[in-house]
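Please look through the structure below before reading on, and keep it open while the text leads you through it.

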Amino acid sequence: MKTIVLLAAGLTFSAAAMAQQPSGVIEYEVNSKLEAGQFRMVMRGADGSVTSSNTPPPDMPNLITTTQTFTFAGGLGRLEMENGGNMIRRMTLGAPGGGGEAAFAATAVAAGGPGPQMSDRSSSLRLPVSNATYIDLINKRFLSVLTERKDSAVTGVWYSEEPYKPAAEIKTSGKTKTIAGYRCHRATANVGEESFVIWYTTDIPMLFSPVNGVWPPEGVVLALESSKRSYTAKKVELKPVADAPQLPGDAQKLTAQELKDKQRSIMQAFHNEQLKRIQDTE
């Protein structure tokens, strides 16, 4: 009970601050480069042998495309990836010599993108975890939420906090273009070894970027692109939001590392379960 009280207090805004915040929905198309360490493949060969690897087959595409929705109201926003940002598929790969069946799971990339050639036996499986990110637009915090489900029932919710990362050095230009009906200004920024091209609009009265640390001088980022990922707003609607963002009241607070360890533990148990099912399949 004490944790919930502190959490509620941390998200209490003044009426004046909340009244000044816009509300609405932005839908981004997200393209993410699939890299090693972001997936696990468990494969049963034609001879019945079972192997596990994080190396994709040659015909696996290295780009995943999905939708990310940003809902905002009352100074709080919620970023949600399609399928909770996770993907798992069971498929039969059409490899020479008979191939084999594989269960493929991507746990750190956008879901819904194209996969390898699949037979009619392929099917989608549901992962036991989903991820959502809440943004405290007034107090400038990112809140990462992990939800565990079993048979569609929620069995645990955890979250960690991260303050806004310092903005990268932005170089603006006089170039403009229209994205989703809004006039946007072009800028560039370097974050570590990643270089971004940014398009932002000042016609929406709040500061927001889908990538922490890649902040515009003002306004909202409607598109950004680097060699690893891209975000492009396909629809922007400023309107009252019926399902206003609200951090789950029963979420338990963890450190960022504890949250990563929690997800890793849940997924490892799930992978082991899938491996056993494949081994037991005749």
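Which residue stands opposite Gln252 in β17? The answer is Trp158, and the paragraphs below place this pair in its surroundings. This is a predicted model, in which local features need a pLDDT of at least 70 and side-chain atom pairs count only at pLDDT 80 or more, while totals for chains, interfaces and linings use all residues. Residues are numbered from 1 along each chain as its sequence is written, and side-chain values use heavy atoms, with hydrogens and water left out.

The protein contains three helices and 17 strands, where helices (H or I, at least four residues) and strands (E, at least two) are DSSP runs numbered from the N terminus. An open sheet of 12 strands, with mixed pairing, follows the order β12-β13-β14-β15-β16-β1-β4-β5-β9-β10-β11-β17; two strands pair if DSSP finds at least two bridges between them. Its edge strands, β12 (170–179) and β17 (252–253), each pair on one side only. For β17 the partner is strand β11 (residues 153–163), in the parallel sense and over two bridges.

Helix α3 (residues 256–280) packs on this sheet and touches β9 (129–136), β10 (141–150) and β11, a contact being heavy atoms within 4.5 Å. The direction of α3 makes about 150 degrees with that of β11, with axes fitted to C-alpha atoms, for helices over the stretch in contact, and angles running from 0 to 180 degrees between N-to-C directions.

The pLDDT, the predictor's confidence in each residue from 0 to 100, averages 77 for the protein, and 67% of the residues score at least 70. Over residues 86–124 the pLDDT is below 50, although this stretch has 121 contacts in the model beyond near neighbours in sequence. Where pLDDT is low, the predicted coordinates should not be read in detail.
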